[in-house]
Amino acid sequence: MGKLLGFIVLAGLALGCGFSNSDIWGVLNRSPSRTFDRVLLSMLIPHYQGMLDMAEAYLPQAPNPQVRNWVQALIKDRKERLNEWKTLIQQLGGLEPTAEATMQGEMYKDWVNFREGQKSEKVHSVFASLMLTNHFSTVNMAKMVEARSRDPKIEKLAQALIATETAHLEKLQVLLIRNQ
């Protein structure tokens with residue numbers, strides 16, 4: 001497990017951007033400044049929903065109380081943020097279909113990988129790898145706000161995302177190291 005953990009952490013750090021083989025970054029980069037906030041939220045909502053779904057499915061398999069507590073905190077955070085964002089996206093004109101579909105496609109790939117992992121003893125490392133990648137992706141999407149958004153609400157949202165996602169990443173990495 002030690003070598004696997006090292007690989008997961010290094011791969012997560014190296015990829016840093018997460019979703020490295022997807023159209024997500026292209027959609028975000030191509031979105032006009034006037035619609036960037038709407039496009040971003042249209043991606044964050046299915047992104048967080050996918051992470052929430054995987055966390056809820058993984059919770060019964062969590063190997064110990066510390067990991068279960070982390071997953072429960074993740075679930076709580078995702079539900080709270082999704083409720084906030086669903087209200088905010090309506091104020092911005094609703095979900096942008098292309099952005100939403102792009103992220104749903106990416107999260108579907110993660111869901112398939114997770115379900116395959118659930119069929120084996122690798123479920124814990126698959127879940128950890130997916131969570132690392134998804135957290136890094138959220139941080140990097142939030143960092144794009146600094147250059148693209150002009151809405152103080154979205155800027156505040158991005159700052160909070162960077163802080164909470166970084167804290168989740170740090171806690172997950174500590175848990176992985178302890179449980180290797």
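**Exercise 1. Place the side chain of N134 in its surroundings, starting from its polar contact with L130.**

Solution. A polar atom of the N134 side chain lies 2.6 Å from the backbone oxygen of L130, where a polar contact is a pair of N or O atoms within 3.5 Å, one able to donate a hydrogen and the other to accept it within protein, and residues adjacent in sequence count only if both atoms are side-chain atoms. The place of N134 is in helix α6, residues 123-148, helices being DSSP runs of H or I with at least four residues, numbered from the N terminus. N134 has a relative accessible area of 0% and is therefore buried (buried is under 20%, exposed over 50%, partly exposed in between, with a 1.4 Å probe and protein chains only).

The model is predicted, so local features need pLDDT of at least 70 and side-chain atom pairs count only at pLDDT 80 or more, while totals for chains, interfaces and linings use all residues. Residues are numbered from 1 along each chain as its sequence is written, and side-chain values use heavy atoms, with hydrogens and water left out.

**Exercise 2. Trace the salt bridges of R78 and state which parts of the chain the pair R78 and E165 ties together.**

Solution. Begin with D77, whose side chain meets that of R78 in a salt bridge at 2.4 Å, N to O; the term requires a side-chain nitrogen of Lys or Arg within 4 Å of a carboxyl oxygen of Asp or Glu. Next, the side chains of R78 and E165 meet in a salt bridge at 3.0 Å, N to O. R78 lies in helix α4 and E165 in helix α7, so this pair ties together parts that are 87 residues apart in sequence. Finally, salt bridges that share partners join D77, R78, R81 and E165 into one network. As for burial, R78 counts as buried at 0% relative accessibility, and D77 counts as buried at 12%.

**Exercise 3. Describe where L88 sits and what surrounds it.**

Solution. L88 belongs to helix α4, residues 65-91, and is buried, with a relative accessible area of 10%. Leaving aside neighbours within four places in sequence, L88 is in contact with L41, K153, I154 and L157, contact meaning heavy atoms within 4.5 Å. L88 and I154 are 66 residues apart in sequence, yet their C-alpha atoms are 9.2 Å apart in space. Turning to helix α7, residues 152-178, its buried residues include I154 and L157. At the N-terminal end of α7, D151 acts as a cap, with a side-chain oxygen 2.8 Å from the backbone nitrogen of K153.

Note on methods: Helices (H or I, at least four residues) and strands (E, at least two) are DSSP runs, numbered from the N terminus. The expected span of a helix is 1.5 Å times one less than its number of residues.
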